[in-house]
Amino acid sequence: MAEILKPDKNGIEKAVNILKKGGVVAFPTETVYGLGANGFNPVAVAKIFEIKNRPFFDPIILHIAEKDYIKILWKKIDERAEKLIEKFWPGPLSIILPKTEIVPYIVTGGLETVAVRMPSHPVALEIIKMAGFPIAAPSANLFGKLSPTEAEHVQRQIGEKIEIIIDGGKCPVGIESTVIDLTTEKSVILRPGGIPKEDIEKVIGKVEIIEKSEKILSPGQLPFHYSPKTPLKILRNWNEIKENEKAGLLAFKEAKFKEKFKCVEILSPKGDLLEAASNFFSLLHKLDNMGLDIIYAEPVPEKGLGIAIMDRLRKAETKKYK
């Protein structure tokens with residue numbers, strides 16, 4: 001079972017040594033915990049796919065600690081990218097542009113483009129800086145399952161498959177990065193996330209959100225993703241709840257009809273979408289471990305970070321309940 005280490009000098013040095021030897025480690029970012037490997041080492045990156053049971057056609061985001069690194073990862077950097085980097089890096093925004101030859105195709109799922117971001121979590125930045133190379137790091141979970149926002153979430157899902165987990169506490173953003181594709185004249189969000197569309201549009205103008213694509217161009221684009229073990233249904237009508245179910249509720253800001261549920265978790269009592277996003281995966285993990293028959297999830301307003309939360313809920317919803 002993986003050793004959980006503090007994010008002190010000893011823990012970070014141990015993580016970096018494993019990465020330099022072609023190993024894989026779990027570490028915190030501001031979004032969710034990442035499962036990291038040397039982004040320039042195809043064999044190391046392959047271990048990520050093996051540990052997660054992740055399809056090889058699903059691209060992985062490269063994480064950097066210094067903005068200048070984009071010059072060796074991207075063939076060209078347009079004005080939109082420069083503006084977004086200036087405004088949102090370090091932070092939960094991943095940008096897709098044409099890759100250079102140095103980026104292995106295993107990272108990009110065979111595509112000629114690569115997603116890059118600079119995380120703002122101090123532990124993530126320190127590990128990347130000390131390693132001296134970009135770190136390929138999807139979420140540190142089994143493919144398609146709930147993303148981890150605490151070290152114990154990682155331990156529970158993949159602790160038997162990795163050596164160490166650096167425990168940086170609860171991830172403050174709590175939902176994955178926004179992924180934006182700038183490879184054409186259109187600015188396209190492929191995955192809603194930690195930076196709302198509205199904030200991006202203030203910087204570079206009109207942005208589209210693509211819900212479906214013929215090819216998988218970004219992490220999180222598959223139709224079923226972020227799923228708990230317990231069946232999940234988005235609660236569209238309160239009359240849908242059955243009398244004899246052992247049900248849990250993931251509510252937005254208040255718990256209606258509490259008597260109908262074995263347990264209730266509230267994303268944000270004050271209706272704050274930022275707080276709701278930071279609690280989203282953590283509370284789903286909690287409900288998923290309650291031995292329930294079903295989890296009902298109340299929709300949240302589809303604005304700002306609410307767009308990202310609803311994207312995750314739709315992909316987590318059990319197919320037969322759609």
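Select Asn53 to begin: at 52% relative accessibility this residue counts as exposed, where exposed means over 50% relative accessible area, buried under 20%, and partly exposed in between, with a 1.4 Å probe and protein chains only. Asn53 sits in the loop that runs between helix H2 (42-52) and strand E4 (62-63), helices (H or I, at least four residues) and strands (E, at least two) being DSSP runs numbered from the N terminus. Its backbone deserves a look as well, since Asn53 has a positive phi of about 60° although it is not a glycine. Most residues other than glycine have a negative phi, and most peptide bonds are trans.

Before going further, note that this is a predicted model, in which local features need pLDDT of at least 70 and side-chain atom pairs count only at pLDDT 80 or more, while totals for chains, interfaces and linings use all residues. Residues are numbered from 1 along each chain as its sequence is written, and side-chain values use heavy atoms, with hydrogens and water left out.

Next, select Trp89 and Pro90, which are joined by a cis peptide bond with omega of about -5°. Pro90 belongs to the loop between helix H4 (79-88) and strand E5 (93-98).

Move on to Thr149, in the loop between strand E7 (135-136) and helix H7 (151-158). Is Thr149 buried or exposed? With 0% relative accessibility, Thr149 counts as buried. Leaving aside residues up to four places away in sequence, Thr149 touches Thr31, Val32, Tyr33, Gly169, Lys170, Cys171, Gly174, Phe281 and Ser282, a contact meaning heavy atoms within 4.5 Å.

From that list, pick out Cys171, one of the residues that Thr149 touches; Cys171 is counted as buried because its relative accessibility is 1%. Then select Cys263, which at 11% relative accessibility also counts as buried. The structure holds 0 disulfides, a disulfide being a pair of cysteine sulfur atoms within 2.5 Å.

Now select Lys315, in helix H10 (residues 305-316). Lys315 is buried, with a relative accessible area of 9%. To set its position against another part of the chain, add Glu150 to the selection: Lys315 and Glu150 are 165 residues apart in sequence and 21 Å apart in space, C-alpha to C-alpha.

The last single residue is Asn237, in the loop between strand E12 (232-234) and strand E13 (247-251), where a relative accessibility of 36% makes it count as partly exposed. Measuring from C-alpha to C-alpha, you will find Asn237 and Ile210 27 Å apart in space, with their positions 27 residues apart in sequence.

Finally, show the whole protein chain, which has 10 helices and 15 strands. Its C-alpha trace spans about 60 × 45 × 35 Å along the principal axes. The radius of gyration is 19 Å, which agrees with the value near 20 Å that a compact globule of 322 residues would have; this radius is taken over C-alpha atoms, and the globule rule is 2.2 Å times the number of residues to the power 0.38. Buried residues make up 59% of the 322 residues, and of the contacts with a separation of 6 or more, 68% are between residues 24 or more positions apart.
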